Amino acid sequence: METTRRGRRLLLSLSFLCLAVLLATATAGRKRRMAGFDYYVLALQWPGSVCRQTNHCCSSNGCCRSSPLNWFTIHGLWPQYSYGGWPSCCRPTTPFNMNKIAMLRPILEKYWPSLYCGDSSTCFGGRGPFWVHEDEYDYFSTALYLYSKYNVTKALRKAHIYPRNGRKYEVGHIIAAIDHAFGRLPHIVCKNGSVQELRLCFHKDYQPRDCGSEADDAWSSSRRSHCPRYVTLPSYKQSGNFVKIPLLDPLLLAAISVN
């Protein structure tokens, strides 16, 4: 009889433990969904690495302009999850309105060009212009503001890191230059020994934060993807002669306020 009572108490305890685990898991899931995401990534592309792979031109490809791009361009401002992954293919409640960003178009063409031909987005069949899968004025003005305030190209030049064919730089030197300029560690993505992307990370209030884990050092794999110890920032020759984008005063970017 005593053995039976102990067995029932043990079974009851295990049942409560399982229920507690299920409730904790459900609560964590609700908090995660309510939060939406954890931080932002401002992803910047190095055109020299991307444009060297251009095999044919189209009017929308920034690699095909008469003057090569010799500064980091914006790839996107993306929400991220701390545990990995990101929100994707979110369905908008209203159609994208290009007229709302009409005043930003010249700046977007210069600092946020598409570096590819073909469909620009895998969401919704890739329909529409390059930026259509993003939000509208608030989103783009915020991204441009961050791009201007945390000017990666300028920070690297101050550290004597220039785009030159054949010149190699230590990845740790590049990371240290960004850390010195902005007080936070970036993430670098490489391909074929060249820097393809440099990513800056921000809290949800747009204050800079380290990319990767706070416990990682500058040479940790969470700070670099597919990067050897020494990398290049290659230049390239334009593949065509399409519309030449007029040069804009960089101070225009600083005048864009975050709404």
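**Exercise 1. Determine in which sense E4 and strand E5 pair, and over how many bridges.**

Solution. E4 and strand E5 (residues 194–202) pair in the antiparallel sense, and five bridges hold the pairing. The model examined here and in the following exercises is a predicted one. Within this pairing, Val189 stands opposite Glu197 in E5. The hairpin of E4 and E5 has two residues between the strands, and Asn192 lies in the loop that links E4 to E5. The phi of Asn192 is near 55°, a positive value in a residue other than glycine. Asn192 has a relative accessibility of 70% and therefore counts as exposed, since the cut-off for that class is over 50%.

**Exercise 2. Decide whether E4 is largely enclosed by the rest of the structure, and find how it is joined to strand E7.**

Solution. Begin with burial: four of the five residues of strand E4 (residues 187–191) are buried, so the strand is largely enclosed by the rest of the structure. Turn next to strand E7 (residues 224–225), which runs parallel to E4 and is joined to it by two bridges. In E7, Arg224 is the residue that stands opposite Ile188.

**Exercise 3. Work out how the residues of strand E1 are oriented and which strands E1 pairs with.**

Solution. In a regular strand, side chains alternate between the two faces of the sheet. In E1, Tyr39, Val41, Ala43 and Gln45 point one way, whereas Tyr40, Leu42 and Leu44 point the other way, and all of them are buried. Because seven of the seven residues of strand E1 (residues 39–45) are buried, E1 is largely enclosed by the rest of the structure. As for its partners, E1 pairs with E2 in the antiparallel sense over seven bridges, and the bridge partner of Gln45 in E2 is Thr73. E1 also runs antiparallel to E5, to which six bridges join it, and here Tyr40 stands opposite Phe202.

**Exercise 4. Identify the aromatic cluster that includes Tyr40, and find which charged groups lie over rings.**

Solution. Tyr40 forms one aromatic cluster with Phe37 and Tyr206. The charged end of Lys204 sits over the ring of Phe37, at 4.7 Å from the ring centre, while Arg209 lies over the face of Tyr39, 4.0 Å from the centre of that ring. Tyr206 itself is found in the loop between E5 and strand E6 (208–209). Although Tyr206 is not a glycine, its phi is positive, at about 70°. With 26% relative accessibility, Tyr206 counts as partly exposed.

**Exercise 5. Check the length of helix H6 against its number of residues, and locate its buried residues around the axis.**

Solution. Helix H6 (residues 171–182) has 12 residues, which at 1.5 Å a residue should span 16 Å, and its end C-alpha atoms are 17 Å apart, in agreement with that expectation. The buried residues of H6 are Val171, Ile174, Ile175, Ala177, Ile178 and Phe182. These residues cover an arc of only 155° around the axis, so they lie on the same side of H6. Just after H6, Gly183 takes a positive phi of about 75°.

**Exercise 6. Establish whether Arg65 is buried or exposed, and what its side chain reaches.**

Solution. Arg65 is located in the loop between helix H2 (47–51) and strand E2 (73–80). Its relative accessibility is 9%, so Arg65 counts as buried, the cut-off for which is under 20%. The side chain of Arg65 reaches the backbone oxygen of Glu109 at 2.7 Å.

Terms used
Residues are numbered from 1 along each chain as its sequence is written. This is a predicted model: local features need pLDDT of at least 70, side-chain atom pairs count only at pLDDT 80 or more; totals for chains, interfaces and linings use all residues. Side-chain values use heavy atoms; hydrogens and water are left out. Rings of Phe, Tyr and Trp (its six-membered ring) pair if their centres lie within 6.5 Å; planes under 30 degrees apart count as stacked, over 60 as edge-to-face and the rest as tilted. A charge sits over a ring if NZ of Lys or CZ of Arg is within 6 Å of the ring centre and within 35 degrees of the ring normal. The expected span of a helix is 1.5 Å times one less than its number of residues. Buried means under 20% relative accessible area, exposed over 50%, partly exposed in between (1.4 Å probe, protein chains only). The arc is that of the directions from the helix axis to the C-beta atoms. A polar contact is a pair of N or O atoms within 3.5 Å; within protein, one must be able to donate a hydrogen and the other to accept it, and residues adjacent in sequence count only if both atoms are side-chain atoms. Two strands pair if DSSP finds at least two bridges between them.
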